[in-house]
Structures are given as C-alpha cells and as structure tokens.
Amino acid sequence: MSATSRHDPVFAAVDLGATSGRVITGRVGPDELVLTEAHRFANTPVLLPDGLRWDVLALYQGMLDGLRAAARSGPVASVGIDTWAVDYGLLDSDGSLLGLPFHYRDGRNAEAAAEVLGRFEPQELYAVGGLQHLPFNTVFQLAAHRSTAQWKAARTLLLMPDLLVYWLTGEVGAEATNASTTGLFDARTGRWSDTLIGRMGLERSLFPTLREPGERAGTLLPHVAAFTGLPAGTPVTTVASHDTASAVAAVPATEPGFAYVSCGTWSLAGLELDAPVLTEESRAANFTNERGVDGTVRYLRNIMGMWLLEECRRTWERNGTPTELPGLLADAARARPFGAVIDPDDPVFLAPDDMPSRIDAALTRTGQGTPDGPGGYVRCVLESLALAHRRTLREAAALAGRELTRIHLVGGGSRNELLCQWTADATGLPVTAGPAEATALGNVLLQARAHGLVGGPAHIRRLVARTQQLRHYTPQGGSGAWDAAADRLAVRV
C-alpha cells in the first residue's frame, strides 16, 4: 500500500463525547487512512444551583488547544466538529451565549416531557419527527426552559456543534443530522417542521438555516487563526455533526444486509435506510428515524451502553475498589454465566449515581440475586447489553422488512472482546468489531470528500475496511441460554 506523506492534506476532527473531547488529525491517501490524536481533554459537567450544565467554555478552550497542536502536524486543510445530540445553547440579540447549556441528564426534563405530551398525542409527534421518545429530547428541554429569563432574551438556538462552529467562524447554521434529533425536524422532508415549531409556541426565527454534511460552514475568525497557528482563511467544513452519524458513515460494510451498533456511553443499534419508518408499530417499539449522510435515515434505538459500566467503576473507585478494566474483564470472563441480567433501558439507570446499588434494586424487583463481586457486575452489564443489542436489531429488522447478515460494532465498545463475542452469541450473527475511532474517521472522511479526495459512501466504507484493523467474531453455542436469560425480563425476541 502506498503510504500517506507529510504532503498529504491534514484534516482536523474535533470529536466531543460525553466524558472527554479530542482533536484528531487525519491524513487521507488512496490506500491509507491515518489518524493521530493531537490533544485530549476532559468533559466534566458542572452542577449549579439551577441544574446540571456543560462547561462549554472549557470545551471550547480544549478545542482551541487541540487545533493549535494540530497546526504543528502539517498544513491543515479544514476543521470539522461533531458532538453528542439534543443539547443546545441560546444566543441573545448580540450573539452572546445566555448561560452554560443544560446537560441532557439534568432532572428538569422528565416533568417537561410529561407537559408536552399532555398537549400532543405521541402519534402526532412521531408522524412528523419519527423520533424515539427520550425524556431529554430537545423539544422537551425547550419546554423546561421557556419559563426562564434566559429564554425571554433568546434570539437564536444553536445545538452544541453549531455553537462551537459559530465561535470559530462567526457564522450561524444548523447541521441536519443533529437537527434531526430535536423532535422539531420533519423526517420525510429533511427540513425544520414549521408545524411542530408553531404548535410548541416557539419562534421560527430561533432555528437557523440547515446545513448538510460537506458544506462549508465558514472560515476561522482572525483571532482564532492567530491563537491556533492555523492559516487565516482555514475552512470549517460541515460534517455529520451528530457523532453517531459520523460513526455510521465510517462503518466498514462492503455488502448489504448489515446492522450497526455504535457503542460508547450509549449503544446506538440499528440500520441504515433510504426512508423513515413512521408506522405506529415503529413508534410503539420506540425506534428513531434520524438523519444520516446523503439523506439516509439512521433507524435505531438508544440503549444505555457503556455508561452502566463506567458508572459502576466510578462508584468502586470512590470506595477504594480496584477499577482497572483489564482486571475487571478477566474477572467477568470467570464469573457465572447469566448470574443476573437487567434491562439497560430502565430509566433508573439514566442519572449519575451509585450504579451497583441501582443494579441491585433492579435485580431484586425481578426476583434475581445480586452479582458476586465486581466481576459479576461487569458480566451482568455486558451480557445485558448483548441481550439489548439482540432485541433491538431483531425488532428493527422486522419493522423495516430487512434480513440481517452481519453486525458491525464500532466505537470504543469494539475494543471489549467479551461484549463483541457475546453480541455475536446472543444474536446468532457474525460481528465485525472496529474501528474504535469510527466517529473521528467519519468526521475526517467527510471533510476529505468535501475536498474531492474520496468518493461517496461506498468508497468511504471500502477505504475504512481496507485500512483499519478489524476483528471478527463468530457465534458460539446455541441460543437456549440467551433465550432463558431474556425470559427473566419478559423481553424474549
């Protein structure tokens, strides 16, 4: 394979997750795709008297420091930003941020969701937006925000990646893949839903013009270029700014019939479709129709994901219990199979708190004993996630009329060999694991596509498959033990 060189353009991917942020540089050649981490920084929410907030100023500074590090790696052709979904900042008439953005795990959302659903039939919302019901969807957060002084002064709403793009460029816009997670987006037309915005009593002017992945969002402001050392005029390219949309763009699928699980803090499990599924059956099964690249639909359901494990580790660390992941996974491999299983989507697991105690309470409610030691809890979490992957993908395939042949498990969870093997065992389907950095790869490749270096989605996926390290897992054993475990939760599929 021909190697990339110092003369290949560098694309800087800003990738912000729920617990950390990174700036990663990517070089794209005809037969090689190389990522290098330029800078990593923590993403630590702040609990203020009025609620849980994102420290977006620290994130912005971390991003600037990362871009300065990226500038030392070669000529940066452009910058792209992806983050999580649903959260937003409000700007006043001067373009100034009105307070730190709320965190989607803040407790204000559940009551607001109930208030909105008291005015809308769930079927009405789903028929337009096609969105999975989650209490932190943007539409519910806005209902919680409307009684505040900040809201009265608000003139523009920017989702998190759009806010950071605005601070880099001075240009206002709304990227479509992230906008599709708000509950105020029309899943059929790919535009803002004036009907839903109006019925919510919101001002249409709050919502900026939509951008599609690949469009130029603007160029770096002079003071940003001076601080980072990037050339004046460096473009900021619109990528799939919802991190899952960028990850799905980099799924290394080379044949039809694939499903994906983008596994990190959340497991996003689903299919890539050409059109939304807006049936009543789909709504009742709580599937979402979010925008993907080139007008595709990410038909998926959110599963609580590795959040469960990380919250267990945080609790054990506070109590002085060793939390090194390799040791915990080794203990989990030796623990009794199917000693305990939980439903990861139980709302009791959403907020940060003592996760082992909440797992104990859930097991007591379902008539199960508690795990034996940390290894038992880890096995409980991973086997439960594998069952949730199975349930979700089988339901998605049935609702969309698809037959599945393979699962691509990407993101940080793809490094977890137990989770990958147990997902294969539970589903009875082969699992291809990797790339772990799917989100950053998708971000870089969509920038490279905008600059004419790669082709469409099929070309991007072939390039990822050729150049990235992947692992393959074949189902082992029969389905009987998995069926029995699912029966304990009355969720057998």
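1. Start with strand 17, residues 288-291. Strand 17 gives three residues to the lining of the second largest cavity, the largest share of any element. Please keep in mind throughout that this is a predicted model. The full lining is Ser180, Phe185, Ala187, Pro276, Asn289, Glu290, Arg291 and Val297. By class, that makes four nonpolar, two polar and two charged residues. The volume of this second largest cavity is about 50 Å³.

2. Stay with Phe185, one of those lining residues. Phenylalanine 185 forms an aromatic pair with tryptophan 192. The ring centres are 6.4 Å apart, and the planes meet at 75 degrees. The pair is edge-to-face. Both phenylalanine 185 and tryptophan 192 are buried.

3. Now the largest cavity. How much space lies in it? About 70 Å³. The count of cavities of 30 Å³ or more is four. Helix 6 (160-169) and strand 14 (235-237) each supply at least two residues of the lining of the largest cavity. Helix 6 has the largest share, with three residues. The lining includes Pro161, Asp162 and Val165, and also Val236 and Thr237. Six of the lining residues are nonpolar, three are polar and three are charged.

4. Ile81 also lines the largest cavity. Look next at strand 6, residues 76-82. Seven of its seven residues are buried, so strand 6 is largely enclosed by the rest of the structure. Strand 6 pairs with strand 1 in the parallel sense, over six bridges. Valine 10 has valine 76 of strand 6 as its bridge partner.

5. Helix 6 returns in the ring contacts. The structure holds eleven aromatic pairs. One of them joins tyrosine 60 and tryptophan 167, with ring centres 5.2 Å apart and planes at 65 degrees. Why is this pair called edge-to-face? The angle is over 60 degrees, so the pair falls in that class. Tyrosine 60 lies in helix 1 (residues 56-71) and tryptophan 167 in helix 6, so the pair ties together parts 107 residues apart in sequence.

6. Are these two residues buried or exposed? Tyrosine 60 has a relative accessible area of 15%. Tryptophan 167 has 16%. The cut-off for buried is under 20%, so tyrosine 60 counts as buried, and so does tryptophan 167.

7. Turn to the open spaces. The largest pocket has a volume of about 1,200 Å³. It is lined by 48 residues. Cys263, Gly264, Thr265, Trp266 and Gly412 lie nearest its centre. Elements that give two or more residues include strand 1 (10-16), strand 17 and helix 17 (438-450). Helix 12 gives the most, with five residues. The lining divides into 20 nonpolar, 18 polar and ten charged residues.

8. Trp266 deserves a second look. Ring pairs link Trp266 into a cluster with Trp54, Trp84, Tyr104 and Phe136.

9. Helix 12 also serves the second largest pocket, where five residues from helix 12 make the largest share of the lining. This pocket holds about 400 Å³ of space. Of its 18 lining residues, the closest to the centre are Pro45, Trp307, Glu311, Arg314 and Pro352. By class, seven are nonpolar, six polar and five charged.

10. Finally, charges over rings. Arginine 105 lies over the face of tryptophan 307, at 3.6 Å from the ring centre. Elsewhere, the charged end of arginine 68 sits over the ring of phenylalanine 227, at 4.3 Å from its centre.

Notes:
Residues are numbered from 1 along each chain as its sequence is written. This is a predicted model: local features need pLDDT of at least 70, side-chain atom pairs count only at pLDDT 80 or more; totals for chains, interfaces and linings use all residues. Side-chain values use heavy atoms; hydrogens and water are left out. On a 1 Å grid over the protein atoms alone, a cavity is a set of points where a 1.4 Å probe fits but cannot get out, and a pocket is an open set with protein on both sides within 12 Å along at least five of seven lines; lining residues have an atom within 4 Å of a point. Grid points are joined across faces, edges and corners, and a volume is the space filled by probe spheres set on the points. Helices (H or I, at least four residues) and strands (E, at least two) are DSSP runs, numbered from the N terminus. Ala, Val, Leu, Ile, Met, Phe, Trp, Tyr, Cys and Pro count as nonpolar, Asp, Glu, Lys and Arg as charged, and the others, Gly among them, as polar. Buried means under 20% relative accessible area, exposed over 50%, partly exposed in between (1.4 Å probe, protein chains only). Two strands pair if DSSP finds at least two bridges between them. Rings of Phe, Tyr and Trp (its six-membered ring) pair if their centres lie within 6.5 Å; planes under 30 degrees apart count as stacked, over 60 as edge-to-face and the rest as tilted. A charge sits over a ring if NZ of Lys or CZ of Arg is within 6 Å of the ring centre and within 35 degrees of the ring normal.
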